[in-house]
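Please open the model in your viewer and keep the selection panel handy. We will go stop by stop, with something to select at each one.

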Amino acid sequence: MITKMNHVSIFVLDQESAYEFYVNKLGFKVHTDAPIGPGMRWLTVCPPGQPDLELSLMSIEEGPMFKGEAAKQMKELVKKGTFGFGVFQCTDLNATYEELKSKGVVFKKPPTKEFYAYEALFVDDSGNWFSLGEKPKE
Amino acid sequence: MPYPKAYLYHRVVKAKLFIDTNFYLPLDLNNISNEAFFSKYHFIRLFKNSYGRTPHQYLIYVRIEKAKNYLKHGVPVSEVCFKVGFESPSSFAGLFKKVCQQTPGEYQRLYKRRQEALKKSPLSFIPNCFSEQKGWVYPLKEALNC
């Protein structure tokens, strides 16, 4: 029986810039930052309220994962905003939207009432987009 | 006439960012609610609705998080206490233990031990599927002679 997820990969164009975005703008916590060798860095961050879910900020390089032209193609797709990696949650969407906007986070959609939820859409520094929703009020 | 919602959010966010920046100062709620141009009680209610914590609870949270960062960088516990705005080492140590279930000294030691282990054996911190897909396993084993 699968009980939970503890790692998710987010492909980024530049790990240093991703660190600045996820840690200093979104306020995520660094879980592991291991410079393993030239061009090899294992960097994972966690949303503040979810310390056991590591988001692995993966650089895109040619290797076993991306063979031949695939790395270049993948970078292009990320840049174009092809990938949406998930839905984040906050306590209050309007306040979080105001705060992130003041820190320079780019929103594709401001807080909007949709059929299924009240949500906004933002993009990270690479072009990946995320939905941001609100925890239902008790 | 009631304030428009966007104006209220703007003020609450401003107060939160004020705490984020000035956490090391001897802040009290009056400073912060003045910063937001609210009455104290109205401010506490709005802040808690937005962030799930009262301004005071949030200030403690920020101070503890900043303290963790200083501890990770090897700053002595006695200095960390004042750097993050606590008035006495005993109140800092007590609160830190209450929130983190370990003393600041223990936190610092465990972090240092983890960093040493990470340096010695980084692959043991990375799910194998990722190391293999990234092509890190063989070069690293070779570099570490294992």
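## Stop 1: where the chains meet

Start by colouring the two chains separately: between chain A and chain B, about 2300 Å² is buried, and carbon and sulfur atoms give 62% of that area. Bear in mind throughout that this is a predicted model. Now select A:Ile36, A:Trp42 and A:Glu99, the residues of chain A that lose the most area to chain B; together they make up 22% of what that side buries.

Next, widen the selection to every residue in contact across the boundary. You should have 27 residues of chain A against 26 residues of chain B.

How many salt bridges does the rule find across the interface of chain A and chain B? There are 3 between these chains. To look at a salt bridge directly, show A:Glu61 and B:Lys134 as sticks; the closest N and O atoms of this pair are 4.0 Å apart. If you turn to polar contacts between chain A and chain B, the count is 9 residue pairs, with both residues at pLDDT 80 or more.

Which elements of chain A each supply at least two residues of the side that touches chain B? Select β1 (7–12), β2 (29–37), β3 (40–46), β4 (54–59) and α3 (93–102) of chain A to see them. Among these, β2(A) gives the largest share of that side, 7 residues. Coloured by class, the side of chain A that touches chain B shows 10 nonpolar, 8 polar and 9 charged residues.

## Stop 2: the sheet with β1 to β4

Keep the strands β1, β2, β3 and β4 of chain A in view and switch to cartoon. They form an open sheet of 4 strands in the order β1-β4-β3-β2, with mixed pairing. At its edges are β1 and β2 of chain A, each pairing on one side only. Turn the view to look across the strands, and you can follow a twist that averages 25 degrees from one strand to the next.

Zoom in on β2(A) and β3(A), which pair in the antiparallel sense over 7 bridges. For a single pair to label, pick A:Lys29, whose bridge partner in β3(A) is A:Cys46.

## Stop 3: the sheet with β5 to β8

Now move along chain A to another open sheet of 4 strands, ordered β5-β8-β7-β6 and again with mixed pairing. Which strands are the edge strands here? They are β5 (84–90) and β6 (106–113) of chain A, each with pairing on one side only. Neighbouring strands of this sheet are turned by 20 degrees against each other on average, direction ignored.

Select residues 118–123 and 129–134 of chain A for β7 and β8, an antiparallel pair joined over 5 bridges. Within this pair, A:Leu121 has A:Ser131 of β8(A) as its bridge partner.

Then bring α3(A) back into view. This helix packs on the sheet and touches β5, β6, β7 and β8 of chain A, and its direction makes about 165 degrees with that of β6(A).

For the last selection, take β6(A) and β7(A), which run antiparallel and are joined by 5 bridges. The two strands form a hairpin, with 4 residues between them. Label A:Val106 to finish, and you will find it standing opposite A:Val123 in β7(A).

Terms used. Residues numbered from 1 in each chain as written. Chains lettered and ligands numbered in written order. Predicted model: local features only at pLDDT ≥ 70, side-chain atom pairs only at ≥ 80, totals over all residues. Heavy atoms only, no water. Contact = heavy atoms within 4.5 Å. Buried area = accessible area lost by both parts, 1.4 Å probe. Salt bridge = Lys/Arg side-chain N within 4 Å of Asp/Glu carboxyl O. Polar contact = N/O pair within 3.5 Å; in protein donor to acceptor, adjacent residues only side chain to side chain. Nonpolar A, V, L, I, M, F, W, Y, C, P; charged D, E, K, R; others polar. Pairing = 2+ DSSP bridges. Axes fitted to C-alpha atoms, helices over the stretch in contact; angles between N-to-C directions.
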